[in-house]
Amino acid sequence: MTSEKQNAADSYHNFSEFYDLYVGDFLDDLPMYEKYAVQVGGSVLEIGAGSGRLTIPLAQTGFDVAAMDVSATMLAILDDRLKGLPSVVRNRVQIIQADVCELELGAKFGLVMVPYYVFNYLLTPEAQSQALDRIKAHLADSGLVIVDAFIPMKRLASPDERQIRRPDVVDPATGNRIRSWNTFRLDTQSSIEYRFQRFEIESPNGELRVKEFTVERRYTLADDLERLFLSHGFKVSEVFTGYRGEPPQPDSEQLVYVLGVD
């Protein structure tokens with residue numbers, strides 16, 4: 001058994017071997033990003049590109065994508081996936097290992113994507129502010145930023161620890177059976193959600209390996225998020241829940257912000 005504290009600089013260091021099995025085929029948000037990328041034109045900067053869930057289909061569609069992530073382990077998966085694709089697709093992707101709070105690419109982008117709760121892995125107000133400053137510095141004058149944020153309204157109403165069991169899956173690459181459990185605890189004083197994850201990996205010969213680690217995410221309520229964006233010179237062009245423009249509800253746990261430059 002291994003029990004590890006999550007690497008603060010690489011929030012997906014421990015989760016990377018499981019990510020694509022549980023999340024890799026989620027593409028509900030892809031048409032939304034394609035729509036805005038076409039609307040603004042130019043190249044795309046993806047903050048938290050990970051293993052290429054969005055990067056690769058965007059590149060296959062014809063967009064140039066700067067795929068940035070702090071996680072070397074996730075970007076290694078993306079690099080391996082790109083090697084199996086035609087050169088015309090590979091050449092549209094630039095892989096960048098960097099901390100968004102220190103980002104300095106010397107380029108501007110029509111669309112900056114902060115997808116699927118990446119913003120929540122900025123664990124302090126200072127990190128959030130630094131990231132927004134660096135994102136703005138890389139945004140073209142008529143460009144847009146899209147932030148997909150987690151807002152734990154239902155958990156705030158009942159912040160007690162709770163456990164969720166994930167479906168059993170079999171890794172087609174290894175034949176390993178993988179079972180997982182998530183235990184969530186919300187600290188309302190620090191605005192941090194602690195997510196304890198346990199994975200049981202059973203090989204085809206019956207050997208069992210257990211991996212446990214904790215992931216931290218910071219949540220910011222909707223009104224505070226909007227004030228934060230405005231204070232960094234952005235204007236909120238749209239805000240909705242889901243990926244088809246549904247109006248936010250008081251208990252919406254996910255919000256998408258479309259930001260322009262004020």
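In the predicted model, helix 4 (residues 72-83) lies across strand 3 (65-69) and strand 4. The helix runs at about 160° to strand 4. Strand 4 spans residues 93-97 and is one of the edge strands of an open sheet, pairing on one side only.

The sheet is formed by seven strands in the order 4-3-2-5-6-13-12, with mixed pairing. Strand 12 (234-240) is the edge strand at the other end of this order and, like strand 4, pairs on one side only. From one strand to the next, the twist averages 20°. Within the sheet, strand 6 (residues 139-150) pairs with strand 13 (residues 254-261) in the antiparallel sense, and six bridges are found between the two. In this pairing, Phe150 stands opposite Gln254 of strand 13.

Thr55 belongs to helix 3, which comprises residues 55-61. With a relative accessible area of 0%, Thr55 falls under the 20% limit and is therefore buried. The side chain of Thr55 makes a polar contact with the side chain of Glu46, at 2.5 Å. Once neighbours within four places in sequence are set aside, the residues in contact with Thr55 are Glu46, Ala49, Val65, Ala67, Leu78 and Val93. Of these partners, Val65 and Ala67 fall within the range of strand 3 (65-69), and Leu78 falls within that of helix 4 (residues 72-83). Val93 lies in strand 4 (93-97). Thr55 of helix 3 thus has contacts with residues of strand 3, helix 4 and strand 4.

Eight helices and 13 strands make up the secondary structure elements of the chain. The radius of gyration is 19 Å, close to the 18 Å given by the globule rule for 262 residues, so the chain is as compact as a globular protein of that length. Taken along the principal axes, the C-alpha atoms fill a box of roughly 55 × 50 × 35 Å.

Of the 262 residues, 49% count as buried, and Thr55 is a buried residue. The accessible surface of the chain comes to about 12,300 Å², and carbon and sulfur atoms account for 48% of this surface. Among contacts between residues at least 6 apart in sequence, 66% join residues at least 24 apart.

Key
Residues are numbered from 1 along each chain as its sequence is written. This is a predicted model: local features need pLDDT of at least 70, side-chain atom pairs count only at pLDDT 80 or more; totals for chains, interfaces and linings use all residues. Side-chain values use heavy atoms; hydrogens and water are left out. Two strands pair if DSSP finds at least two bridges between them. Helices (H or I, at least four residues) and strands (E, at least two) are DSSP runs, numbered from the N terminus. Axes are lines fitted to C-alpha atoms, for helices over the stretch in contact, and angles run from 0 to 180 degrees between N-to-C directions. Contact means heavy atoms within 4.5 Å. Buried means under 20% relative accessible area, exposed over 50%, partly exposed in between (1.4 Å probe, protein chains only). A polar contact is a pair of N or O atoms within 3.5 Å; within protein, one must be able to donate a hydrogen and the other to accept it, and residues adjacent in sequence count only if both atoms are side-chain atoms. The radius of gyration is taken over C-alpha atoms; the globule rule is 2.2 Å times the number of residues to the power 0.38. Accessible areas come from the Shrake-Rupley method with a 1.4 Å probe; for residues, only the protein chains shown count as cover.
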